[in-house]
Amino acid sequence: MKFVMALSHKAAAKIHPNALACFINITFEEDKITVITGTAQKEFSLDKSLELNWGDRIRNFFDNMNIVQHIDSEG
């Protein structure tokens, strides 16, 4: 089972001026939940601040909700 959720364009713009979309993919598979964050930019940029900011916001949300996380840095 997979859920994909995204911020509205207006909310994404509040995260970063170049944000077109900020989303999370939540997948339930083999008794495991995987959450992957993603972003889309209005204009091409090598600046990773949007991706980093959005990922931090999701991790902080999980921390504030006392959701235990295992961060997989592979891939």
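Two strands pair if DSSP finds at least two bridges between them. Keep that in mind for this one. It is a predicted model.

Start with the hairpin. β2 and β3 pair in the antiparallel sense, and they do so over ten bridges. To place yourselves, β2 covers residues 19-29, and β3 covers 32-41. One register point to click on: Ile24 stands opposite Thr37 in β3.

Now the turn. How many residues lie between the strands of this hairpin? Two, and Glu30 takes a positive phi near 50 degrees there. Glu30 is not a glycine, yet its phi is positive. It sits in the loop between β2 and β3. Is Glu30 buried or exposed? It counts as exposed, because its relative accessibility is 77% and the cut-off for exposed is over 50%.

Step back into the strand, to Asn25. Asn25 belongs to β2. Its relative accessible area is 16%, so Asn25 is buried. The limit there is under 20%. What does Asn25 touch, leaving aside residues up to four places away in sequence? Lys2, Phe3 and Val4 on one stretch of the list, then Thr34, Val35 and Ile36. Residues 2-6 make up β1, and 32-41 make up β3. Keep Phe3 in view.

Next, the aromatics. There are two aromatic pairs in the structure. Take Phe3 and Phe28. Their ring centres are 5.9 Å apart and their planes stand at 90 degrees, so this pair is edge-to-face. Phe3 is in β1 and Phe28 is in β2, 25 residues apart, and the pair links distant parts of the chain. How covered are these rings? Phe3 is partly exposed, because its relative accessibility is 40%. Phe28 has a relative accessible area of 36%, so it is partly exposed as well.

The other pair is Phe61 with Phe62. Here the centres are 6.0 Å apart, with 50 degrees between the planes, and the pair is tilted. The label follows because edge-to-face needs over 60 degrees and stacked needs under 30. Both residue numbers fall within the span of α2, 49-64. Which of the two counts as buried? Phe62 does, because its relative accessibility is 15%. Phe61 has a relative accessible area of 45%, so Phe61 is partly exposed.

Back to the sheet side, and to the surface. Phe3 and Phe28 turn up again, in a nonpolar patch. Met1, Met5, Ile33 and Val35 are in it too. Together the patch residues have about 590 Å² of accessible area. β1 and β3 each supply at least two of its residues. Met5 is one to look at. It lies in β1. Met5 is partly exposed, because its relative accessible area is 43%. Val35 is also on the contact list of Asn25.

Last stop, Asn66. Where is it? Asn66 is in the segment after α2. Asn66 has a positive phi of about 60 degrees, although it is not a glycine. Its relative accessible area is 67%, so Asn66 is exposed.

To recap. The hairpin of β2 and β3 turns through two residues, with Glu30 at positive phi. Asn25 is buried in β2. Phe3 and Phe28 pair edge-to-face and both belong to the nonpolar patch. Phe61 and Phe62 make the tilted pair. That is the tour.

Key
Residues are numbered from 1 along each chain as its sequence is written. This is a predicted model: local features need pLDDT of at least 70, side-chain atom pairs count only at pLDDT 80 or more; totals for chains, interfaces and linings use all residues. Side-chain values use heavy atoms; hydrogens and water are left out. Rings of Phe, Tyr and Trp (its six-membered ring) pair if their centres lie within 6.5 Å; planes under 30 degrees apart count as stacked, over 60 as edge-to-face and the rest as tilted. Helices (H or I, at least four residues) and strands (E, at least two) are DSSP runs, numbered from the N terminus. Buried means under 20% relative accessible area, exposed over 50%, partly exposed in between (1.4 Å probe, protein chains only). Patches are made of residues with over 30% relative accessible area and no salt bridge: like charges are joined within 9 Å, nonpolar side chains (Val, Leu, Ile, Met, Phe, Trp, Tyr) within 5 Å. Accessible areas come from the Shrake-Rupley method with a 1.4 Å probe; for residues, only the protein chains shown count as cover. A salt bridge is a side-chain nitrogen of Lys or Arg within 4 Å of a carboxyl oxygen of Asp or Glu. Contact means heavy atoms within 4.5 Å.
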